[in-house]
Structure formats: C-alpha cells, structure tokens
Amino acid sequence: MSEFALPEEAAALPEILPPAVRRGRVAGFVLRHPGIAIGGGLIAVMAVLAIAAPWLGTVDPQSLDPANMLIVPSAGHWFGTDMLGRDIYSRVIYGTRVSLVVGFVVALLASVIGMAIGLVSGFFRALDSVLMRIMDGILAIPSILLAIALMALTQGSVGNVIVAITISQVPQVARLVRGMVLGLREQPFVEAAIAAGTRTPRLIWRHIVPNTLAPVIVQATYVCAVAMIIEAILDFIGAGVPPIVPSWGNIMAEGRALWQVKPFIVFFPAFFLSVTVLAVNLLGDGLRDMLDPRLGSGK
Amino acid sequence: MMKRRTLLGAVAGGAAAAALPRPAISAGASVLKFVPQANLTLFDPITTTAAVTQNYGYYVWDTLYALDEHLNTHPQMAAGHTISDDQRSWTITLRDGLTFHDGSPVRAADCIASIRRWASADPFGLDLAAVVASYVVKSDKSFEVRLKKPFPLLASALAKPASNVPFIMPEHVAAQPASKAISIDQVIGSGPCRFEAKEYVSGNRAVFTKFTDYVPRPEKPSWAAGGKVVNFDRIEWHVIADPGTAAAALQSGEVDWWELVLPNLIPLLAANKDVVIGEGNPTGYMGCLRFNHLFPPFDNVLIRRAVMLSVDQSAYMRAVTANNPKNFTICHSFFPIGTTYGVPPDPDPMAKAPDLAAARKLIEEAKYGGEKIVIINPTDFPSIQPFGEITYATLKKLGLNVQLVETDWGTVVERRASKAPIDQGGWSIFHTWWEGISLYNPAVNPILLGQGLEGWFGWYKSEPMMALNAGWLTAPTATDRHAIGAKMQALGFQDVPTVPLGQFFIRTGYRNTLTGVIDGAAPYPWNVRRA
Amino acid sequence: MLSYIVRRLLATIPVMGIVALFVFSLLYLAPGDPAAIIAGDQATVEQIAKIRASLGLDQPFVVRFGHWLWQIVHGNLGTSVFTGQPVSTMIAERIEPTLSLMVLTMLIALTLAIPLGVIAAWKHGTWIDRAIMIFAVLGFSVPVFVVAYLLAYVFGLTFRLLPVQGFTPLAKGFWPFLGTLVLPSLALGAIYVALLARITRAAMLEVLAQDYVRTARAKGVGQGGVLFVHALKNAANPVVTVAGLGVALLIGGTVVTETVFAIPGLGTLTVNAILERDYPVIQGVVLLFSFTYVLVNLIVDLLYSVFDPRIRL
C-alpha cells in the first residue's frame, strides 16, 4: 500500500500509446495525455456507478438474508452473497461511494490544510520550526498505524475515517508547499513584489499560491489514491467504517476467513479497488506531465 | 468470558511459528499441538472471566470439587466432607499427595485463601461469602467452613465449572486481591500440567508440560471430575488468529487439534479424511440481547416484551452457524437447553415470535414516544456483530427510533459499563453470547438475576427475582430447587431482562490420530491420547 | 561529520518527544478501557473500577504521563497491561520476523527495481520501457493484501510450492526461514519495486541527458559501463532518498502483511495492542517505529555525501 505519495523526483509515466496522427481536438488530447484520458475515464465510470448505484440492478446492500448465504456468483446474485446472505454485487457497487468520497474528500482536505500550514511555515519563521517539528512527529508515525490508532479511538464512521487519514496525509503536502515557498521567496519576481511594498497576504495570494498550485494538485491525486487504499485497509482490519456500511474493505474483511473456499468474495471488491486506485494514479501522472513540462516524458 | 476475536491481526502466529527456539525435546517425548480459541494474555482466572484463561486454568490448577457430564458434583482435590447436624459447618478433607508445581504440599490454608479470593469476585462465590462466618484450619489437610446459615450448595459452588472456576492456588499467591491479577511468574499450579512461563510468547504460543508429581483420582474422567491423566509430555498452544490459516494447519497436520472451528469451514474440514469434527462443548453458547433498564424506552417492560416478540432466533443463529440448523437450537429459555433448568415455560411465551404485529401493538400500548435507542455493536467480533445488525433491522421494522453504533470491542466494553443517559455516552442494547455452561443454574445466571446497579450491565432490578434466588440457594432438595428455577424462568419472561437469541454450537476439530477427546465444558487436556 | 551526526541525533529528541506526547494524549482521550476487557463479560462496573485502580489507570493525565516519561528516561518501556511482561521483552520477541521481512523485501526490491529502472531508461520510449512502467503503476495501485492473497493462492494453495502462513526463525535453518518469508516479501515488495523502478528511470533519464555521459560515450566507454557506472552513480541520490522514505512505507506494510500471513511480528503486536488498549505496548512500539524512521532518514542524508562528494554535511 502506498504510505506516502510520490516525492518530487518521481518519474512521470511515459506515454503508453504510440504517437499517432492528430484526429480532432479530443482525440489529440487523449493521445497526448493518455494517462489523463484513461484515468479520468475510469474515474468517471466509477463516479457514475457510485451515483447511479440504486438503478444498476442492485438490491439494498444492507438487507440480510441468512437463508441465502454464501451463494456463488450466479444469475440471481452476479457476484454471489456473503456470510450474512447480502448481495455482493450490490455491496460492491454501493461500495464505490465510500471509496470515492473518502479519496476525494481526504485529497481536498489534506491539500487545503497542508497548503495553509506550508504557507504559514514558509513565511513566518517563528512558527516554522514548531509547525515543522509537529509535521515531522506525525510523519514519523507510519500513517497506517496512525490511522488505525485514530480509528480505534473514535466511533467508526466515514467522517472519522476521513479525519484519521487526513491527519496522516497533511504533513506530506505541508512539507511540499513549504519547500516551494522557500524557493519562491528567492525568486526575483517575489523579491520585486516585496520591495514594492506588497503586503504579505496579498503577496501569498497573488504570487505564491498560483505557483504552488500545480504540484499540489498532482500531489492531491496521490493522496487520493493513498486514502482509498488506507480506507480499505482500515476496514479490512476492522477499524474502519462500520461493517454494516457496504465498502470494498468491509466486503474483503468479511470474505477473508473464507478466501480458500469462497475466493470470489475477496476478488470482486479487490478488483474494483485496484482499478480505481490505478485510475487515480494514471490521472496523477498525466496531470504531472501536463502541468509540469519539465518533468514531462523526457522527449 | 472473553470473545474469540477472529479479527484480522488480533493475534498472529502460525503453525510454522511453532518452531521458535525451544529446549530440545528428548527423543520419544509426545507433543500435542493445540490451537486455542484466542491468544492467552491474562494469567489469572479469578481476575478475568476470559474463556481462554479458564481453559488454561484447567491445565494448570485443580479444584476441590468438580462437575461431571451430568452436572453432578464430585470431590476432586477433596477426599470428602462432613456436614454438621445443624448444616452450619462443613469440614472438608484433602486427598493425599497433592502438590503444587513448586514442590510444596497443598495445605488447608492454601484452599482457604483460594476460596476467599474466588468468593470475592465470582457471583456464586459472593453468594457463598455472604453466608460464611469463618474458615478454620483444622489440620494441614482439613478445614472447616462455618456458616451463618445453611448453604446446601457449598460443594456445588466449589465445583463451579466455568469462569470463574475456584482453582486452588498457593496461599501466598491467593493473598493478593482479586482485582490485582497474578503475574506470569506467579503461576504456580496444583493441576496436571505445568505452565512453562519462559516459553510463553504472547500472540504466538503457550507451552505446558506434564506435571509428573500430580496424583490423579482413580475414577474414570467425566468433564472436570475423575482422574485427570495427561498422556502427553508436552502440550503446545499455537495461536493462529486467522481461521483459514488454522484450518490449513489442521489439514496439513501441522497441528493436532483446533479448539473452535469456524462454522463456515466445517464442510472443508469434514471432507478431509484425516480430520475428525467433534461435538465440542455440548452446552454450546447462548446468544443474548441485553437491555439497559435504567433509561427509556427499555425501562418500560412493554417495550422489552415487544422486542422479545419480534425476535426471530433462527435468523440470529443462522448468521453465526453458517446457516446450518444442525449447529443451533431454538432456546426459549434463560438456561441452556439440555441442562437442569433449560426447559421453556409452558405455555412458551416466545412460541409465536417473530410476531411483529403483536410487537407493534405492545409498543402502541406502551405509548412509545420516539425515545432514541442506541445499539452498541462490536465491529471486530464476527460471532456478535451480526446480532447487532439483525436487531437493528428488526427494530427499524417496528418503527422504533434506533441507531446502530459500531465500534471495536474495546470501546463496546467500556461504553456498556456506562450508566449515563443514552445521549450522554450511554446505550440501550448490546449483544453478546455466553458459554451455555456458565448459565447452568440461577445463582450464576447474570442474564436473569436482578441485582440492579450492583449487577450485570443493563442493571435489571427485581426484588422478587432476588428473593427467588435466595430461596433457591437455601432450598434443601433438588426438587425444591427445580420448582424455584421454573418460577425464575417464568418471571424472566414477564420482565424480560434479556432476550435469549438461541443456543449455538461451535464444533471442535482434531486429527484422526487422537482418541479420547472429551467433549466437555472446556477443552480438557486429560484423557486425550495419540492412537 | 561526527558533529553533524550528533547534532542530528539531538534534533530527533524534540521529534520523539512530540510523537510520545501525541500518542499518549491520543490514548488518554480514547474511548476503550483495558480494565473492562480484562474483567470480561460477567464483570460488574465495580469490579472494572477496582481493576482500573490496580493498573493505575484512574490516575490523572499528568501523573500517568510523568510516570511513563520517567520510566522511558530510565530506559524502561513499562509492562503490558495484559500479560504483565516488560514491553521491551515483548518487542524483542517480535523483532526477528519483522526485521527479516523488511530486509528481504528491501533486497528483492533493490535487485529487481534498479535494473528495471535502468533498462527502462536505456530503452526509453520503446515497448520495453512502456511495459516496465505499466507494471510499475500497477504495482503502485494494487493494495498489498490483494497481492498477498493472489500470491498465496497461486503459490501456496494451487501449486503448493510455499507455505501460506507462519514464520520459521533463522535458527531453525536458512531454507525453511526463507520459505516462509518469500511470499510475504514479494507481496510487500510489489509497491516498493514499482516506486523504485520509477524513480530510477527518471533519475537515469536526467543523467543520461547530461554532457559528461555523452562525453563518456564518445570516449568509447561501453554501454553497460555508461549505464551502471557513470550514470547510475550520479542517479543514486534520488533513488537513495526514495528508498529511505520507503522504509516508512515498509513499516506500515508489515502491519498488513504480517496479519495476512500470520507472522508473529511487530505489526501484529501493534494492531492487537491497539484493539486491546494495551497502552504501554502501543507507546513502546510507536516510539520504536518513529525512532527507526528518524534514524533511516539520517542514514539517507549520510549516504548523500557518499554518492555525491559535493554535498557537505
């Protein structure tokens, strides 16, 4: 599982598809940025599954039917049923919601909070050492462990999972932004702005933030992928969202004891989870290519 | 009773992990490899009621009296006793040759200290303590229990089969209060197996060796009564948290005996000709739904009855037995079916359950005002977690304002001890299961007794129930006791302190090279041998 | 250099202090009560309170934290609430499996990832490059327990080549020891290989574009020489950084891997301690993990100067 997002030096994916003749603007975009196209497309599909879950041939993912437990995949239950007789297909489709919400909300929160801390740290030396020591402290605790501990301490809910994972991811973004701020401060245009008497908030807002945005967005996609994986692991360990909630991690946790005899219970959610994380990573790599040409595919 | 935590990662250690460095075993030494239901982390069977600690207790210590498979009491370490004519004095004499594992003899003073300590913590023990005037050492091998009033069940109390079992420990160990657990270095046994503290690794293994100076009784063994003859030089507990892994280890012969087989894996093991699926504990496990009686709506007996009427026991039981009706019994009783008091009242108050229409009528009659109901439910106990989900679904159908709060077990056990109002960190319902044997008579039955705030979580208070119990404790004959037990059962179904959810059985699995496994109230280490 | 190391080690003290305070506060604020777990199902509220008192859990925060800190300063991590064993003993018993797992994973990852990254950079733009990078992004996306189950299913259950669970200590023989570790290490290593291969490729690409590499080529240094001696040495820094950062990833990964493969290591010890609220054990293990992390970062910084003499410490 990803403990942290790729650092700055991380390589971009090469273009997976061979160069081809431009055919219109959309096709051209797809060919120039296959990562964004494939990743974005897959995420869009997942988002549609999440939103349209009730209309995709699903039943109530929480409805128990102990008389029909552990049915193998069949026409009645496409992905089979679990130990309590719940329909796995329905639970997997509804599970998309949990993963996507956790991934996106954690990415957003960690980016915003991390950016705020990074900016403050980079600009106010007095606070810098204190903030960065705290960030180091959090960073020094493996984020899975930190999240498990935070979850053991709170009531299992999607909200708490988001908070727990966000706390473990903020330091990454904060350090990234702080590093960029320190670099930007030495740039002539910033020095010029300071010399011209630009007030600090305006300086940050007009000159610093826009220049840190692109890397933060790229970083956010990795945070998103990491968050989805940690969420699944938390559920898998029994420290995540309540088992009654259909989530991919919960389904795998339920199927775990039986994976020798009924491997399908683990297989379907594992497949969906892997594809979604893959999509987010592809998107992230694609965005990196597009937003930061210096790190492009090296042609 | 601590629950078996099949949660991933709760404990790890595998069959292959058996192979950590250990003293060389002399050639020809016989070893039994056993997979216990959970990691052994607590060494004091008086401080905790954890079942795994009770089971280890049976290896390490012996008791003065013991129950046989027909629930009759027999002397075990005791040679016998005499009762004075006024029934207020019991003189118990010890057998010859009893020795602690440190080589010192078992004396009357050790027994007294052990009984005192047990009687300060155990519910049955507290009943005894309430009538004891004094303990008097008569000689090294006999002592007298002087009573304020007759207590005909004294020997039965000292034969209590399940947590807390009144094990006999040395006086210097038993001197500390029951709330202070004895440490791993203080485990000095009186039973057939010696605990090898140096080889213990939490989450991985516990090792026992045959205590050669133990003198078994001459009788044939029956449960914890009779001759406890251990036929192995060494018994190793291999903790395997993952049931799938434990099954694999048993199939491949890496271990000999798996205490509790996950119900879903029984077909897999039954198909293996080298593995025998044994009956396991014949009194099984009793699921129960417990109300908080302090706050609305479950301070209202009508609502409690409504919930009882809406309960479909087979749904609960199917969820924890892999949908196998062979592995559960409908149990409209607060005592396990198959034991003395486990007889449903006539007419059976739950005969029509689930009867949602009747339940709704009762709720209407009770003028339920939408008070919030909080079900606290553990996420990490697969054998309890479904209970909460099923109750949640049922109460929703009844139109009750119910919330399911799922946390890990560590949080559930803290929260259920809270007497705060529901919206201030309190609770309305939790579920658990009991080993059937630990509910085998009224005095030990917390799901029925009504001590109020001093009693079990939920704090059901009923003076009539306690009066019946007092009468049961002093009733002179078994027939009298039987009648009182039936009255308590009937009162229970009127007051509904708890809703029984059924009785289920967890099977045991072992290699077909083993014979003499006792299907008892605990996985006893005696009598079993390699064919 | 020595004064640098001393300074760095001193600088870890505040970080460790923050970790300690953070974890302790977290546990203090947490719901869950080891006394209630110890007492078991039949206990009454009063019995739980007595056990709590005997464990000192009824003391105020400052007293408990002060007591614990006092112990730590004296090199004592305390004793487990449950087994009563010293935490240091419990940790010591668990180090071998976890350390073996991490070392083997690291070895597998480095021997696979660096050649893969170098080849991808060398064959840049070809299908080989693409294939390697597709593998890399896949390895980064599939959760470790999914990889673990796949491996166990294929190699353990289908072909019965390797044990699917457990751990055999080195003292019982090298091959059995290795046998139990191969699948867990591969599972844990997948993400690590993916990460390192990507970093190596990127770093190599930058270096290969530099003038001195062209010069070396022009001087007739062979392809392998260029790649593995000149270029790789100069590409080492980012690779080392990421390898070091990856230790945190490994520590987290062991928690899951150990659980799936039933390895009695530190990860399982920690998860169990968290669920049982065995406070001293949780604190002890988290301190150990954090200290390891800090130490590895220091080693990474020291390696910089080894690979790039221009960097002065």
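Begin by selecting strands 4, 5, 7 and 6 of chain B, which form an open sheet in the order 4-5-7-6 with antiparallel pairing; strands here are DSSP runs of E with at least two residues, helices are runs of H or I with at least four residues, and both are numbered from the N terminus. Strand 4 (78–83) and strand 6 (132–139) of chain B stand at the edges with a single partner strand each, so one side of each has no neighbour in the sheet. On average, neighbouring strands of this sheet are turned by 20° against each other, direction ignored.

Before moving on, note that this is a predicted model, in which local features need pLDDT of at least 70 and side-chain atom pairs count only at pLDDT 80 or more, while totals for chains, interfaces and linings use all residues. Residues are numbered from 1 along each chain as its sequence is written, chains are lettered from A and ligands numbered from 1 in the order in which they are written, and side-chain values use heavy atoms, with hydrogens and water left out.

**Inside the sheet and across it**

Staying in chain B, select strand 5 (residues 89–94) and strand 7 (residues 142–147), which pair in the antiparallel sense over five bridges; two strands count as paired if DSSP finds at least two bridges between them. Within this pair, Thr93(B) stands opposite Ser142(B) of strand 7. Strands of a sheet pair through backbone hydrogen bonds, either parallel or antiparallel.

Next add helix 2 (residues 108–119) of chain B, which lies across strands 5, 6 and 7 of chain B and runs at about 160° to strand 6 of chain B. Helix 3 (residues 123–131) of chain B lies across strand 6 and strand 7 of chain B, and runs at about 85° to strand 6 of chain B. For these angles, axes are lines fitted to C-alpha atoms, for helices over the stretch in contact, and the values run from 0 to 180 degrees between N-to-C directions.

**A serine in a loop**

Now go to Ser222(B), in the loop between strand 9 (205–210) and strand 10 (234–238) of chain B. Ser222(B) counts as buried, at 15% relative accessibility, where buried means under 20% relative accessible area, exposed over 50% and partly exposed in between, with a 1.4 Å probe and protein chains only. Leaving aside residues up to four places away in sequence, Ser222(B) touches Leu67(B), Asp68(B) and Glu69(B), a contact being heavy atoms within 4.5 Å.

**Helix 6 and its surroundings**

Select helix 6 (residues 243–252) of chain B, where eight of the ten residues are buried, so this helix is largely enclosed by the rest of the structure. The buried residues include Pro243(B), Gly244(B) and Leu250(B). To see what they pack against, display strand 1 (31–35), strand 11 (257–258), helix 7 (266–270), strand 12 (275–278) and strand 19 (508–511) of chain B. Just after helix 6 of chain B, Gly253(B) takes a positive phi of about 80°.

Strand 19 of chain B deserves its own selection. With strand 11 of chain B, strand 19 of chain B pairs in the antiparallel sense over two bridges, and Trp257(B) has Tyr510(B) as its bridge partner. Strand 12 of chain B also pairs with strand 19 of chain B in the antiparallel sense, over four bridges, and here Gly278(B) stands opposite Thr508(B).

**Backbone points to inspect**

Most residues other than glycine have a negative phi, and most peptide bonds are trans. Select Pro296(B) and Pro297(B), joined by a cis peptide bond with omega of about 0°; Pro297(B) is in the loop between strand 13 (285–291) and helix 8 (301–310) of chain B. A cis peptide bond, with omega of about 0°, also joins Asp346(B) and Pro347(B), and Pro347(B) is in the loop between strand 14 (328–329) and helix 10 (356–365) of chain B.

Trp459(B), which is not a glycine, has a positive phi near 55° and sits in the loop between strand 17 (429–435) and helix 13 (463–474) of chain B, where Trp459(B) counts as buried at 2% relative accessibility. Asn527(B) likewise has a positive phi, near 75°, in the loop between strand 20 (514–515) and strand 21 (529–530) of chain B, and is partly exposed, with a relative accessible area of 32%.

**Last stop: chain C**

Finally, select chain C, which has 13 helices and zero strands, and whose C-alpha atoms fill a box of roughly 85 × 55 × 35 Å along the principal axes. Of its 313 residues, 58% count as buried.
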